[in-house]
Amino acid sequence: MVMKVGARVTLRGAGHDGAFGTADDVVRTQITASAGYCGFGNLVADLYKVTVDNLPGRVELTQANVGGNDNIDSDLNGDGIGCILVM
Ligand SMILES: [Ca+2]
Ligand SMILES: [Ca+2]
């Protein structure tokens, strides 16, 4: 994930019950580093949702899935919430 430096990226795993927003969710947070990258390692099989907030300065999220290359476009909606990922 590439962002500007200083954005907060939250990865939420649904946990054993398979539902988000319940007590067994696993939440990990990182702040994007100087190159704007962040990553989460050592993930177990689960459903995951990525959210981005605390954007620095005048940075705004772009629209999701704009352009012809799914490898470089944003998958976050206007509220900074990504789709559910199955790992
Ligand atoms: Ca849960
Ligand atoms: Ca996309």
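Strands β3 and β4 pair with each other in the antiparallel sense, and four bridges hold that pairing in the count. If you want one residue pair to find on the screen, take Leu47, whose bridge partner in β4 is Val86. Please keep in mind throughout that what we are looking at is a predicted model, with a pLDDT that averages 88 over the protein chain and with 97% of the residues scoring at least 70. Among the elements of the chain, β4 is the one with the lowest mean pLDDT, 84, whereas β2 has the highest, 95.

Let me move across the sheet from there. Strand β3, which covers residues 47–53, also pairs with strand β1, residues 8–13, again in the antiparallel sense, and this time over six bridges. Within that pairing, Leu11 has Val50 of β3 as its bridge partner, and Arg8 stands opposite Asp53 in β3. On to the next strand: β1 and β2 run antiparallel as well, and six bridges join them. Here the pair to look for is Gly13, which stands opposite Val26 in β2.

So in what order do the four strands lie in the sheet? The order is β2-β1-β3-β4, the sheet is open, and the pairing is antiparallel. The edges are taken by β2, at residues 26–31, and by β4, at residues 81–86, each of which pairs on one side only. From one strand to the next, the twist averages 20°. For those of you who are new to sheets, it may help to recall that strands pair through backbone hydrogen bonds, and that they can do this either parallel or antiparallel.

Now stay with β1 for a moment, and look at its two faces. Val9, Leu11 and Gly13 make up the covered face of this strand, while Arg8, Thr10 and Arg12 make up the uncovered one. That means two residues we have already met in pairings, Leu11 and Gly13, belong to the covered face, whereas Arg8, the residue opposite Asp53, belongs to the uncovered face.

Let us step back to the whole chain. Its secondary structure comes to zero helices and four strands, and along the sequence these follow the pattern β-β-β-β. The radius of gyration is 13 Å, close to the 12 Å that the globule rule gives for 87 residues, so the chain is as compact as a globular protein of that length. The C-alpha trace spans about 35 × 25 × 20 Å along its principal axes. How many of the 87 residues, as a percentage, count as buried? The figure is 10%. As for contacts with a separation of 6 or more, 59% of them are between residues 24 or more positions apart.

Finally, I would like to take you into the loop between β3 and β4, where Pro56 is found. Which residues does Pro56 contact, once we leave aside its neighbours within four places in sequence? They are Lys4, Val5, Gly6 and Ala7. Taking Gly6 as the example, it is 50 residues away from Pro56 in sequence, and yet the two are 5.9 Å apart in space, C-alpha to C-alpha. Is Pro56 itself buried, exposed or partly exposed? It has 14 other C-beta atoms within 10 Å, and since a buried residue needs 20 or more and an exposed one has 12 or fewer, Pro56 is partly exposed.

The loop between β3 and β4 also contains Asn54 and Asn65, and both deserve a careful look at the backbone. Most residues other than glycine have a negative phi. Asn54, however, has a positive phi of about 55° although it is not a glycine, and for Asn65 the phi is likewise positive, at about 55°. With 14 C-beta neighbours inside 10 Å, Asn54 counts as partly exposed, and Asn65, with 13 other C-beta atoms within 10 Å, is partly exposed too.

Conventions: Residues are numbered from 1 along each chain as its sequence is written. Chains are lettered from A and ligands numbered from 1 in the order in which they are written. This is a predicted model: local features need pLDDT of at least 70, side-chain atom pairs count only at pLDDT 80 or more; totals for chains, interfaces and linings use all residues. Two strands pair if DSSP finds at least two bridges between them. Axes are lines fitted to C-alpha atoms, for helices over the stretch in contact, and angles run from 0 to 180 degrees between N-to-C directions. The radius of gyration is taken over C-alpha atoms; the globule rule is 2.2 Å times the number of residues to the power 0.38. Two residues are in contact if their C-beta atoms, placed from the backbone, lie within 7 Å. pLDDT is the predictor's confidence in each residue, from 0 to 100.
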